[in-house]
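Colleague: Could you take one part of this model and look at it closely, working outward from there to its surroundings? I would like every cut-off stated where its term comes in.

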Amino acid sequence: MPQAIAAVNDFVVKFANVNGSGSASANELFARSILRMGVPVSPRNIFPSNIQGLPTWYEVRVTEKGYLGRRGGVDMMVAMNPQTWAEDVKEISPGGYIFYDSTKPMPSSMFRDDINIIGVPLTAIANATYTDARQRQLFKNIIYVGALSVLLGIDEKEIQRLFGEQFKGKEKLLDSNAKALNLGRDWVSQHVDPGSVKLKIRRADNVGDRIFVEGNNAAALGAVYGGATVCAWYPITPSSSLAEAFQAHCKRLRHDKETGKAKYAIVQAEDELASIGIVIGAGWNGSRAFTSTSGPGISLMTEFIGLASFAEVPAVIVNVQRGGPSTGMPTRTQQSDLLSCAYASNGDTKHVLLFPEDPKECFDFTADALDLADRLQTPVFVMTDLDIGMNHRLCHPFQWDEKRVIDRGKVMTADELEAGKNFGRYLDVDGDGIPFRTYPGTHPTKGAYFTRGTTKDEYARYSEEGAVYVRNMERLQKKFDTARRIAPQPIRHSSAHPTSYGVIYFGSTSPAMDEALDQLKAAGHHVNALRVRAFPFAQGVEDFIHEHERVFIVEQNRDGQLRTMLMSEFVLDGRKLVPILHYDGTPITARFIAAGVAEKLGQFKVIPFEKAAS
Amino acid sequence: MTYIAKPRLHHPSLVKNKAGYTRRDYEGAVSTLCAGCGHDSISAAIIQASYELDVLPHQIAKLSGIGCSSKSPTYFLGASHGFNTVHGRMPSVMTGANLANRNLVYMGVSGDGDSASIGLGQFAHIMRRGVNMTYIVMNNGVYGLTKGQFSATADKGSISKKGVANSEEPIDLVSLAILMGATFVGRSFSGDKHQLVPLIKAAMAHKGAAFLDVISPCVAFNNHPGSTKSYDYVREHNEALNRIDFIEGREAITASYDPGTLTTVRQHDGSILRLRKLGEDYDPSDKVAAMKRVQEGEADGEVVTGLLYVDPAPRDLHHHLNTIDVALNTLGDAELCPGPAALDRINASLR
């Protein structure tokens, strides 16, 4: 036997499946059962732009310490796809394990000398029990979950409990799944030495009250809580499940109890141009509205975003980023739409961006974005990505302050108009750059105005006069400065040791960064870290950069887009901002960040703190 | 373009409508379009129709795209909120506005470039979606603001002011609207207010997607021999299928017309359309016949005008979405936010 990796609550299992084979729910069951044992997991879907037949992977990182970023490396491969066999075998770490369907045993030449082989005749077991082809396929997946539960030491009762919750009221399904699970468990118990697999799950208490949810689902719920009533969207990976989740949440939470009528309207538009147009029309008319899309959709929406910005109409756009440019990598993750969103439109325009780190912040920021869009009367982007949006992620439970009320910003009412309050649609009355608006139909004779994308004066009257134009543009800049103050502020993690090095990161990089900081610390490298949560950048971001000799800017794109924005917004010496860039479409890892930072520190001849001290 | 505020002095003799407003209350700023522009006649017809319908001026929302026609909302309904959106995309903005508040009257104004060229997709989709609105295309077959290029509704063979013949097939918005599921489709001529005003009134009262294609000659670039959208051409080739009288549902109906020339259509809201038939027997509720008649007219070189198609019992987008009767933009925290207790239950389901 080759050497065997031994690990408790700290390893990676990767499932290699065929798209459309029903493996997704079995794999999720596997991940959830470990969570129920109090051990954090971080699963990731790696899937093609395809409906059926192509390879798909599900990578589960088991991490007692709660590192939820992608780790890299595979300790056990559950190789269920003959198509990708060779590359799956190749990916296993030395001393790792391959679990496969041994109904037709593979010759030893198909394996590697340095991995451990566990064959379970899944097809034979399924075929002996089920006659229906679909059942054979589906239950084969549950059979492997059963087999793995014995090998890894997952408590069977947790899986049965999950079945109970999933199939509540559907006793027949419950029984048949339980039976399939036991088929796998029994076979392994009788035929495999439990000591042959040294990867083990041990009950722990590290999950706490955290929830396990996808970012898209969370953002959709945030839109419900934030009071969105109009959603217009066009299907595009990886954002489609967001609008669908909004529909599902609304069906449960937003129907009038007496009449059954909907307190929301969802339109699947003909394209992204129409989606954002609908959102802007609704926002103009006083409803909270949002759309969800991805990079190519943003490209299409750009003209309208300029209109909303210049005409000052609230709109929320959730951009679940994927690999670009163009069609790019539709099913891979990136943070590469910062520039296209921040500066969308012709002319001098800047937009508010929010960068959630996980589903919890997807919920918070989508609700906040609806407030911010109303308060600032402008488009607000929630910049999530595929890694957060389409994967289940362990995160803090959603919270909602009972006293929180929807903040519609400066809306002049019929009573105020009637009382003779001066209404200038684009008049800055209190120095924050934000004017009052009225909803159409407010008052019979006062407060009506004409909204347009052309230049206008404080009273919404068309004007191409230079001074009037400049005044308006400067007010918009002032409004942008107000956004700087009221958008989510950055979060700082200070090193225990004084250091002249800093690192700036944002969004889905967060879990990998938490882990990388620990790794760097263990290696004696100390850096302060700042997580940017919004654009325009808060004052704290500029201060952080000035405090440090060098600042690493960690991003998931090729061109260092956040760095470009920092350079553009502040007066900085560019040599100070050192890019660490990951953009192959996979989620960034702690190993990548730590290695990148350590290498750069080496170039700057920084001696690890412990070595220097000794 | 300048903004000239009209004096708001009302002559005491101006007649108030049932809503308490005079015709002046439905007017807008002074037009900056060319003198004699057909669009101004259409604006006047919109003002007249709104006044006669007794709609509260501020309860109308007027939206437009980009172009000469799309500038015209400045020149009517000055007390209404207006939105001059982006080129060819007014339909989506109007859809969103309508979703936000189903209780306003929506008036969309567009041109042939705006709706048939850049905006053809959105034009088609707003019709098939059944947004409750009146959508008017001021159709002159030419790009005025950019000085006389052909638009997509220009007839094949028509000659531009510079003498160039159009070689491309025209897009007939009326046929397209019927095909796409608009439930009220008419065509008229800016120079025929006796036909146009009642058509606009009927369209505004229609509780579904109402489309009016109004031929509106461009005095600057498309009112010369060789143009098929000039005043002379349209007058000579206009074949009016009907003139309609529009009677609101609440009024008693007195039939004083010769029954032989009248057809009555009762809309879902109780309003009555009385068609004074000029053409042969024509039934505007027959969609297939409407398509056929429009195509026949085209083959004969006629501009068939009048109410071409109406579904007396239309269903609009809100019906399809089963939205609540009150405007979505009036819902408050209690109706929109499920609150912390519901969130706790959701959290529990995600563990």
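Modeller: Two strands are said to pair if DSSP finds at least two bridges between them, the strands (E, at least two residues) and helices (H or I, at least four) being DSSP runs numbered from the N terminus. Residues are numbered from 1 along each chain as its sequence is written, and chains are lettered from A and ligands numbered from 1 in the order in which they are written. This is a predicted model, in which local features need pLDDT of at least 70 and side-chain atom pairs count only at pLDDT 80 or more, while totals for chains, interfaces and linings use all residues.

With that vocabulary, a sheet of chain A can be set out before I turn to the part I have chosen. Six strands of chain A form an open sheet of mixed pairing, in the order 3-4-2-5-6-7. Strand 3 (41–46) and strand 7 (116–120) of chain A have a single partner strand each, so they stand at the edges with one side left without a neighbour in the sheet. From one strand to the next, the twist averages 15°, taken between axes that are lines fitted to C-alpha atoms, with angles running from 0 to 180 degrees between N-to-C directions. Strand 3 of chain A meets strand 4 (residues 55–63) of chain A in an antiparallel pairing of six bridges, and within it Arg44(A) has Glu59(A) as its bridge partner.

The part I have chosen is the surroundings of Ser70(B), a residue of helix 2 (residues 68–71) of chain B. Ser70(B) is buried, because 28 other C-beta atoms lie within 10 Å; the class requires 20 or more, a residue with 12 or fewer being exposed and one in between partly exposed, with C-beta atoms placed from the backbone. Leaving out residues up to four places away in sequence, Ser70(B) touches Ser64(B), Gly65(B), Asn84(B), Val109(B), Ser110(B), Gly111(B) and Asp114(B), a contact being a pair of C-beta atoms within 7 Å. Met90(B), which is 20 residues from Ser70(B) in sequence, has its C-alpha 9.4 Å from that of Ser70(B).

Val109(B), Ser110(B) and Gly111(B), among the contacts of Ser70(B), lead to strand 3 of chain B. Seven of the seven residues of this strand (residues 105–111) are buried, so strand 3 of chain B is largely enclosed by the rest of the structure. Its two faces are both covered, with Val105(B), Met107(B), Val109(B) and Gly111(B) buried on one side and Tyr106(B), Gly108(B) and Ser110(B) buried on the other. Strand 1 (residues 60–64) of chain B runs parallel to strand 3 of chain B over five bridges, where Ala61(B) has Tyr106(B) as its bridge partner. Strand 4 (residues 133–139) of chain B is likewise joined to strand 3 of chain B by five bridges in the parallel sense, and there Gly111(B) stands opposite Met138(B).

Asn84(B), another contact of Ser70(B), leads across to the other chain, since it is the bridge partner of Arg452(A). The pairing concerned is parallel and has three bridges, between strand 17 (residues 450–452) of chain A and strand 2 of chain B. The contact as a whole takes 49 residues from chain B and 55 residues from chain A. On the side of chain B that touches chain A, two or more residues each come from strand 2 (81–84), helix 3 (90–100), helix 5 (120–129), helix 11 (333–336) and helix 12 (339–349) of chain B, and helix 3 of chain B gives the most, with eight residues. The residues of that side divide into 25 nonpolar, 20 polar and four charged, where Ala, Val, Leu, Ile, Met, Phe, Trp, Tyr, Cys and Pro count as nonpolar, Asp, Glu, Lys and Arg as charged, and the others, Gly among them, as polar.

Around these details, chain B has 12 helices and 13 strands, and 54% of its 351 residues are buried. Of the contacts in chain B between residues at least 6 apart in sequence, 72% join residues at least 24 apart.

As to confidence, the mean pLDDT (the predictor's confidence in each residue, from 0 to 100) of chain B is 88, and 88% of its residues reach 70 or more. Over residues 251–260 of chain B, however, the pLDDT is below 50, and this stretch has five contacts in the model beyond near neighbours in sequence. Where pLDDT is low, the predicted coordinates should not be read in detail. For the complex, the predictor gives an ipTM of 0.95 and a pTM of 0.95.

How values were computed: Contact = placed C-beta atoms within 7 Å.
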